[in-house]
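Work through the exercises below with the sequence and the structure open side by side. Each task is followed by a solution in steps.

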Amino acid sequence: MTATGGPEVPAAGSADAPADEAMDVSPDAPHTPAAPDAPAAPGAPEADGQWHRMHPVTPVVKGWKIIAVLLAIYVQQTGDNLFAGRDLPGGTELLVSAGILVAGVVVAAVYSALAWRMTRYQVGPDAVHLHSGVLNRTQRQAQLDRLQAVDVVQPLLARLLGLTELKLEVAGGAGSDVKLAYLPEAEAQRLRNTLLARAAGVRYAEGEDAPEAPETSVLEVPVDRLVGSLLLSGTTVALVVAVVVVVVVGVVLDTPGVLLGFAPALLGFVGATWSRFNRGFSFRVATSADGVRLRHGLLESRAQTVPPGRVQAVRLSQPLLWRPVDWWRVEVNVAGYATGAEQGGSDQNVLLPVGPRRDAITVLSLVLPDLGTPDDPWEVVAAGLEGATGDEDPRGFVGAPRRSRWLDLVGWRRNGFRVTDRALLCRRGRLWRQLDVVPHERTQSLAIRQGPLQRRLDVAAVLAHSTPGPVSPGVHHLDAGVAGRLLDEQAERARSARAAAPPERWMQQRSEP
Amino acid sequence: MARVSEPPEEPGADGADERPRSRRVEEPFAPPGVRWTAVSPRLVTVRRLGVLLGLAPFLVPITVLTIVLRTGWPLLALLPLLLVLAWLLWLVPRQVRAIGYAEREDDLLVRKGLMFRQVVVVPYGRMQYVDVNAGPVDRRFAISSVQLHTASPGTDASIPGLPPGEAARLRDRLASRGEARLAGL
C-alpha cells in the first residue's frame, strides 16, 4: 500500500492485506480483518459489533442542566418581581409557578428518557456508528482510520456517578465528533483502548482485550505555576488598573455607585480566570504508543489522546509578562478539535497551559519527535523562541530584511523562518513571542501575499495553511525573492514529505522498505 | 500532462497581463515555467454590473433629487461618486486580467489581485472537495466559478469567470488528480 493510506479503502487490508504487516499481538491472530458484525470482532465486550445503549443514568446527568435552567428562570422572575416592588408571591401564585416548574421537569425527564432510548451505538472493526435523536434522527458513522483524537470527558456530576463521556474526533470541524455519553468508567476506558488499537491497525485475537497502551509520564504543571501564570496575564493587569481607577474615581467623586457598576466586569473576570484555572488544574502530559495523553481539569476532568501524526501544527507562545520567568504556552491544531468560540471553553487545543522552556520543548518533541536538523534541535528551537536578528541570524533562521522595519517597527527582527528536513519553523512577535512549527507533510496549501506597501519595499508574506485551530503559521515581510523561493521549495518539500509519511493506521508498518 | 485547453475566448486577455514592469518585484508572483491561464473577459461585464448595482443606492437618489428640486447642489455629491465609479470601472478589467490559474504536475496555482496580490498553491492530494458555482447573472453571461477546498479554511483558491465547459473540465480534472494523489490530512 502506498504511503497515502487510502481513506477510501474502508477495510485496510481487504485489497492489500498481504502487503500490510499488521502488528499481531498473538501468534495466531487472524491476518484478515473480521467481517463486520462477526461475533469474533475482538476487543472490549462493548466493541462486539452489537448495538449498545448508553448507561441508564444518562438522562439524569444530561437533564439536570434543563432543570437548572428552569430554576434559574424562575428565580430570576421572582427576583424581578421583588425588585419591581411587588410583594412576595402569595399562596396561589407560588402553587402555579411550582406547577409550571414541575411540568417542565416532567417534560424534560420524559424527553431525556426518550432521547436515551433512541441513542444506540455500535462499534465495528472499522467504524463507530451512533444513532440518536427523538424527532430529528441522526445516524453518524466515524471511520476509525480517520480518527483524529479520543477524549474522555467527565463533568462533575458524571464523575460523582462514575460515568464518562467518550468523544471521538474526526476531521470534520466543530460538531463532527461522535459523543458516546455516558458510559460507565471502566467500559469507556476499555472502549477507548480498543478503538485506539483498531485505529492504529493492531488486531487482537478473539476474546482478548486490547490492553491500555503503557504510558510514560512526561511532565505536569504544578498548581503554583498555574496560579502564577494566571496572575501574570494581561487581563489581571487590566483588572488591577481598572480597580485602581474605579476606586480613585469613587473616592474622589464620593460616588460608591461606580463600584457597584463595576461588579459585572469583576464577576466576568473571576469567571474567566476560574475556568482557566479549572481547565488547567493538574495538567499532566504523558506519552504512549497511542500518542500523547493529556489529563487535566479540576471539576470537569478530561483525558485526551492525540495519536501520532494527528497534530497539524504547533505554536509556542510567550506573553510579555511571562518573559522574566521564561514560561511558554503550547497549542496545537488537531483536525476536528473545535476552536475559539465554538469550543465552549474546553481548551482542547492546549498541549501545555504554562511551563518553562524545557517543558515546552519537551512537549514539542513529543508531537514532533524528529526535527530533522543536523544541528542541536534545542538550539534551533531556542533561536526560534528568542532570536531577533533580522536577516543576519547565525543560527540558521532566515529573517526579514532591514527595510521591512517600516512595516513592523517593533517586531521586524523577529520575523523569520527556518526549514528543517521535517518541518517549517516560523517565528514572530517581539512582545508576544511566537514560534509556529508545521511538519512538511501537514501543510494543506501555501500562499504568497503582497500588499502595496510591501511591494514598494520588495517584501512579501508566505502563509502555510493548516486545519482550523489556534495556529496559523506564516512568515511576514520576507524579501520577495526569498519568499518566492520558499513558496516553491515548500510546495516541493510538502509533496515529498507526504509521499514518505507514515500510514494513517500508525501501528501498521509500511510495506515499502 | 498536456495543457488541454485554454478558454477559447481569451486571445486578448492572456499574455497581455504578463508584462512585468519591474522584473525583480514581479518574480515571486510569476514562477518560471508556469503558464497562466486567464479567465473569461465576460467576467469584466459581470463585475462592472456588480459595481453599478453597488453604487446605485447612492447614484439614483441623488439624480432624482437633482431633477425634482431643479437645483445643482446634489451634483456636488454626485461628482465624487462618479469619480469612484469611473475608477472602479477602469479597475475591474485590470483586476480580472490579474486573475489566473495554472495546473502543474502536482498542484494548482491560483493568482489574483493587483494591489494586494497573492498566489495560492494547492496540492491536488490535499483537495477535499470542489465547488462549481454560478449565480443568475453569471449564468446569463455563461460563466461560473470553481472553488477548491482543503481541510484548511485559509485556503483561498477560487477561480471566478470560467466558461461552463472549462469549469466542468477543471472540476473533473481536479477530482481525478486529487484521487490519484490522495493523501490523508
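The exercises deal with confidence, one sheet, the contact between the chains and the nonpolar core of this predicted model.

**Exercise 1. Confidence in chain B**

Find out which elements of chain B have the lowest and highest confidence, and decide how to read residues 1–25.

Solution.
1. Start with the whole chain: chain B has a mean pLDDT of 81, and 84% of its residues reach 70 or more.
2. Go to the elements. Helix α1 (residues 23–26) of chain B is lowest, with a mean of 44, while strand β2 (residues 100–103) of chain B is highest, at 93.
3. Look at the start of the chain. Over residues 1–25 of chain B, pLDDT stays under 50. The model has 32 contacts beyond four places in sequence for this stretch.
4. Apply the general rule: where pLDDT is low, predicted coordinates should not be read in detail.

**Exercise 2. A sheet in chain A**

Determine the strand order of the open sheet of seven strands in chain A, and name its edge strands.

Solution.
1. Trace the order, which is β7-β6-β5-β11-β10-β9-β8 (chain A), with antiparallel pairing.
2. Identify the edges: β7 (178–184) and β8 (215–220) of chain A each pair on one side only.
3. Add the twist, which averages 20 degrees from one strand to the next.
4. Check one edge. β8(A) is joined by five bridges to strand β9 (residues 284–288) of chain A, and the two run antiparallel. Within this pair, A:Thr216 has A:Thr287 as its bridge partner.

**Exercise 3. Where the chains meet**

Describe the side of chain A that touches chain B, and find a strand pairing between the two chains.

Solution.
1. Take the predictor's scores for the complex: an ipTM of 0.80 and a pTM of 0.80.
2. Count the residues: 36 of chain A are in contact with 30 of chain B.
3. Assign them to elements. Those of chain A giving two or more residues are β19 (445–450), α10 (452–456), β20 (459–465) and α11 (480–499). α11(A) gives the most, with ten residues.
4. Sort the chain A side by type: 15 residues are nonpolar, 14 polar and seven charged.
5. Look for bridges. Five of them join β19(A) to strand β4 (residues 117–123) of chain B, and these strands run antiparallel. A:Leu446 is opposite B:Val121 in β4(B).

**Exercise 4. A core residue**

Which residues touch the most other members of the largest nonpolar core?

Solution.
1. The core has 126 residues, and the residues sought are A:Val314, A:Leu364, A:Val462 and A:Leu478.
2. Follow A:Val462 beyond four places in sequence: its contacts include A:Leu446, A:Ile448, A:Leu478 and A:Leu486.

How values were computed: Residues numbered from 1 in each chain as written. Chains lettered and ligands numbered in written order. Predicted model: local features only at pLDDT ≥ 70, side-chain atom pairs only at ≥ 80, totals over all residues. Pairing = 2+ DSSP bridges. Helix = DSSP H or I, 4+ residues; strand = E, 2+ residues; numbered from the N terminus. Axes fitted to C-alpha atoms, helices over the stretch in contact; angles between N-to-C directions. pLDDT = per-residue confidence, 0-100. Contact = placed C-beta atoms within 7 Å. Nonpolar A, V, L, I, M, F, W, Y, C, P; charged D, E, K, R; others polar. Core = buried A, V, L, I, M, F, W, Y, C linked by C-beta atoms within 7 Å. Buried ≥ 20, exposed ≤ 12 C-beta atoms within 10 Å, placed from the backbone.
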